[in-house]
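Colleague: I'd like to learn how to read a model like this one feature by feature. Could you walk me through it?

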Amino acid sequence: MPEPLNLLTDRFDTPIGEMIIVADHDGNLRAVEWTDHEERLQKSLRLHYGRNGFELEPSNNPSGLSDVMKRYFEGELSAINELPVRTAGTPFQREVWRALREIPHGTTVSYGKLAIQIGRPNAVRAVGLANGSNPIGVVVPCHRVIGSNGSLTGYGGGIERKRWLLEHENKHRAAHLPLKLT
């Protein structure tokens, strides 16, 4: 039987609740979750790595990832753009998760547009399911996906957190846009 994957965890406060990150020893972010949804995190890790396929070890700011996340919450939106992520999941899920990272800060797309973007216009429901099973929220920004009518649809952390994240990004994106001179 293979050795379990040793994963590092850290917890820190954000303006919208305590967050937990899970990283590997190579500095890759493996999961991000709100601590009030820690049971869902455990379930996701078991799904991806097997019941006995991982061990969690508390760590302080593994590979500097916690500090990068904090900078995002302080308004430096681009801090998370280059964070290394490594996920399990199916090839289709990983394709959707890669596409999510291409959505610019402070903007939104519908599930249908995301399906078109990955070249699978008839896979709207599958895109929604992949979006909902994203283990690295905020960094893989599933909060930027909305309903086709512009409504805020489900978010694992709750609609209020989704609203806050979108407003936070819109506010700080606008503050960093270049001035247009006429």
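Colleague: Let's start with the rings. How many aromatic pairs does the count come to?

Modeller: A pair of aromatic rings is described by the distance of the centres and the angle of the planes. The rule takes rings of Phe, Tyr and Trp (its six-membered ring) and pairs them if their centres lie within 6.5 Å; planes under 30 degrees apart count as stacked, over 60 as edge-to-face and the rest as tilted. Here that gives three aromatic pairs. Take Tyr-72 and Phe-73: the ring centres are 5.1 Å apart and the planes sit at 85°, so this pair is edge-to-face. One aromatic cluster is formed by Trp-34, Tyr-72, Phe-73 and Trp-164.

Colleague: Are Tyr-72 and Phe-73 buried or exposed?

Modeller: Both are buried, where buried means under 20% relative accessible area, exposed over 50% and partly exposed in between (1.4 Å probe, protein chains only). Across the chain, buried residues make up 46% of the 182 residues. Before we go on, a word on the ground rules: this is a predicted model, local features need pLDDT of at least 70, side-chain atom pairs count only at pLDDT 80 or more, and totals for chains, interfaces and linings use all residues. Residues are numbered from 1 along each chain as its sequence is written, and side-chain values use heavy atoms, with hydrogens and water left out.

Colleague: Fine. What is the overall pattern of helices and strands along the sequence?

Modeller: Helices (H or I, at least four residues) and strands (E, at least two) are DSSP runs, numbered from the N terminus. This chain has six helices and six strands, in the order β-β-β-α-β-α-α-β-α-α-β-α. Its radius of gyration is 17 Å, close to the 16 Å that the globule rule gives for 182 residues, so the chain is as compact as a globular protein of that length. That radius is taken over C-alpha atoms, and the globule rule is 2.2 Å times the number of residues to the power 0.38. Along its principal axes the C-alpha trace spans about 65 × 40 × 25 Å.

Colleague: On to empty space. What is the volume of the largest pocket?

Modeller: First the terms. On a 1 Å grid over the protein atoms alone, a cavity is a set of points where a 1.4 Å probe fits but cannot get out, while a pocket is an open set with protein on both sides within 12 Å along at least five of seven lines; lining residues have an atom within 4 Å of a point. Grid points are joined across faces, edges and corners, and a volume is the space filled by probe spheres set on the points. The largest pocket comes to about 520 Å³. It has 28 lining residues, and the closest to its centre are Arg-40, Asn-131, Gly-132, Ser-133 and Asn-134.

Colleague: Which element gives the largest share of that pocket lining?

Modeller: That's α1, with six residues. At least two residues each come from β3 (29-34), α1 (38-49) and α5 (124-132). By type, the pocket lining has 11 nonpolar, 13 polar and four charged residues. Ala, Val, Leu, Ile, Met, Phe, Trp, Tyr, Cys and Pro count as nonpolar, Asp, Glu, Lys and Arg as charged, and the others, Gly among them, as polar.

Colleague: And how many cavities of 30 Å³ or more are there?

Modeller: One, and the largest cavity holds about 40 Å³ of space. Its lining includes Arg-30, Ser-44, His-48 and Pro-135. The largest share of this lining, four residues, comes from α1.

Colleague: Where does UniProt place the active site?

Modeller: The unreviewed entry puts the feature "active site" at Cys-142. UniProt positions are given in the numbering used here, feature names are shortened, and annotations may be inferred rather than shown by experiment. In the model, Cys-142 lies in the loop between α5 and β6 (145-146) and is buried, with a relative accessible area of 9%.

Colleague: Which sign does phi of Val-138 have, positive or negative?

Modeller: Most residues other than glycine have a negative phi, and most peptide bonds are trans. For Val-138, phi is near 70°, a positive value. Val-138 is in the loop between α5 and β6 and is buried, with a relative accessible area of 1%. Asn-61 also has a positive phi, about 55°, and is found in the loop between β4 (54-58) and α2 (65-73).
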